[in-house]
Every structure is written in C-alpha cells, then in structure tokens.
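Reader: I'm new to this one, could you walk me through it slowly?

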Amino acid sequence: MKVLIAEDDPVSRRLLEATLRRWGYEVIACADGTTAWQILQQADAPQLVILDWMMPGMDGIQVCRAVRTRAAEPYVYILLLTARSQKSDIITGLEAGADDYLTKPFDTNELRMRLRAGRRILDLQAELIFAREALREQAMRDSLTRLWNRAAILSMLRQELERARRTQAPLSVVLADLDHFKKINDTYGHLAGDMALREAARRMRAAVRPYDAIGRYGGEEFLLVLPGCDAAAALALAQRLREAIAAEPLLLTEGKLALTLSLGVASRHPQADDTALIAAADAALYRAKRHGRNRVEVATLADFATAVPDVTLSPSFS
Ligand SMILES: [Mg+2]
C-alpha cells in the first residue's frame, strides 16, 4: 500500500521512510504541505497519509482541510504527527479532518498499529464501494435476460439524445418485439418463454456493436439505443438483428421452435424528444407486425407527426 509522508524535518522524514519501507509500504515523501497537497490531487494518489503539523507552505491542518473539502471518494486516511499534546490542539487536528494523531516523539510499535487501523478503514471502504457498485449494476439489469432494464435503457436514451443534440451526431433507436410470444408461452409454458427471451437477448447482444445499448423494454419487447447511427445504418443493424433471431430455431425438449423478430427503427429528429422517438419507432414496429412480422420498418415523417402532433415537422431529416 502507498503511503505519503509529509515532514519538513529531514532526519525524522528519513527515519519514517526507512521504517515504513521495512514494513512493506510503498513510500512517497515530501518536505512541505503544499507539495503534499499537490501529490494528493494527482490520479492514483496515496490514500494513507502521515502529515506533520508544523511545516512550511501549507501546514498539516491546512492540508487536512483541503482534503476534506474535496469529493469524499476515494477516502484519504490522515494520521497527523504533532509535537503538540494539549487537548485543544488534538481537537483542532481532528476537527480539521485528521482521522488519528500521534504526538512526537512517537513509539514505533504504536505507529505501526495506527497505520494498520487506517488500512483496515480503507479496506472496508473499498469493499463497501465495490458492493455498492455491484448493487447499482444489479439494479439496472433485467434479471431474466441480463440486458438493461426499462428504467436503465430509458435513462441511457435520454443521455445519448442529449449528447447527440450537443454534437449534432445521428442517433437511432430500434424497438424489437418477439413474434407470437404469447403462443410460445401458451403452447410450451413459461419456462420455454423465458428460454426464448434469454436466447433472443443473447443473439441480439452478439449482433450489435459494443457501444450500442440493449434493454428489455417490456415483456417481449426490447429497446436498442444506437449512438452515431443514422436511419440507413440503423436499418442495416436492425436487419442483422432480424436475421440473427430467424437464423436458427430454439431447441426445446419438445422440439424446435422457430423464433422471429419484428422491428421498428426511428432516427433522431430535432423536434422529437425521447418519448416521441420511441413512439415513432413503435408506430414502425406495428407496421412491421401488420405487414406479416419477421421484418423491419423505418419510421416515416407521418409517424413522427403523430408522435409530436403540436409541432410542424420539417421534412428534411434523415
Ligand atoms: Mg515540522
């Protein structure tokens, strides 16, 4: 583990450095608070810090305050070294944000144990962050297909729309619906239905680009967000998805089950928000269903006009 030592007295600094290296720490040392603060602002800075109180430039207390006014993660554990042992001094140090303190001259064994306590806090915090991120990820996933869930994919769509608006880049969405899904459930049962959804998800994931997002929008309906895709590119991708699903039947113990997908494509229109974009894709999807399923339809200007009835749409969009 990396430790930063800030101590202006060269003899104490070298002694500390040598001791900590012997204990297996990777040591970064400096002689004043200003340098310490600069080091702490760098990427991948040490999270365990031993700060002398009295130093030229920023003193230990000022460095403590600077660290604490910044974002809380990753946490920096601060051990303050001080020649002052008055209770009021100690309170000042802790108030400034130090986690612990040692009064000089300090006992080597005590320093070792206090550093160990600091490391324990940092390890615990790393575990908590890891668990929180895992939960966050879990909360965004659909448990059956492991695709993004409805809330997550909608939030990604809004983000990507915002980005596309800023950069004037194209953006398309695809709404895809498994054909005759109710019949699969009714004929073969819900386990077969679940298998069909999982397999469809797996094939779609394999057919898109790494930066495309796929979510389960409803029961057997999927929403894809395709950054950088204009209508032509989105149409090509939708055809690939359709072929990936229709290429092979799903193997059930009862036999082979043909899977097909109907898809509606809509590309970003300056006057259409996320809701209107999805509504236009939905209109195209319904046309694909009406025209026999296992096919792709692209949203027309008329679809957008229905989706945003209050606005007169310019016909010049791709
Ligand atoms: Mg000093």
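Author: What follows goes through the domains, the sheet and two of the helices. This is a predicted model, in which local features need pLDDT of at least 70 and side-chain atom pairs count only at pLDDT 80 or more, while totals for chains, interfaces and linings use all residues. Residues are numbered from 1 along each chain as its sequence is written.

Reader: Which domains does the chain have?

Author: The domain assignment, whose bounds come from an automatic or database source, gives domain 1 (2–138) and domain 2 (150–307). The C-alpha centres of domain 1 and domain 2 lie 52 Å apart.

Reader: And the sheet, in what order do the strands come?

Author: The order is S2-S1-S3-S4-S5, five strands in an open sheet with parallel pairing. Here helices (H or I, at least four residues) and strands (E, at least two) are DSSP runs, numbered from the N terminus, and two strands pair if DSSP finds at least two bridges between them.

Reader: Which strands stand at the edges?

Author: Strand S2 (26–30) and strand S5 (100–103) do, and each has a single partner strand, so one side of each is left without a neighbour in the sheet. Strand S4 (residues 77–82) is joined to S5 by four bridges, and Leu 79 has Asp 100 in S5 as its bridge partner.

Reader: Changing topic, how many residues of H5 are buried?

Author: Just two of its 33 residues, so to speak hardly any cover, where buried means 20 or more other C-beta atoms within 10 Å of a residue's own, exposed means 12 or fewer, and partly exposed lies in between, with C-beta atoms placed from the backbone. Leu 115 has its place in helix H5, and Leu 115 is buried, with 21 other C-beta atoms within 10 Å.

Reader: What is Leu 115 in contact with?

Author: Leaving aside neighbours within four places in sequence, Leu 115 is in contact with Leu 48 and Leu 79, contact meaning that the C-beta atoms, placed from the backbone, lie within 7 Å. Leu 115 and Ile 78 are 37 residues apart in sequence, yet 9.6 Å apart in space, C-alpha to C-alpha.

Reader: Then H8, which of its residues are buried?

Author: The buried residues of H8 are Gly 193, Ala 196, Leu 197, Ala 200 and Met 204. Seen down the axis of H8, they fall within an arc of 95°, so they line one face of the helix; the arc is that of the directions from the helix axis to the C-beta atoms. Leu 191 and Ala 206, on the other side of H8, are exposed.

Conventions: Two residues are in contact if their C-beta atoms, placed from the backbone, lie within 7 Å.
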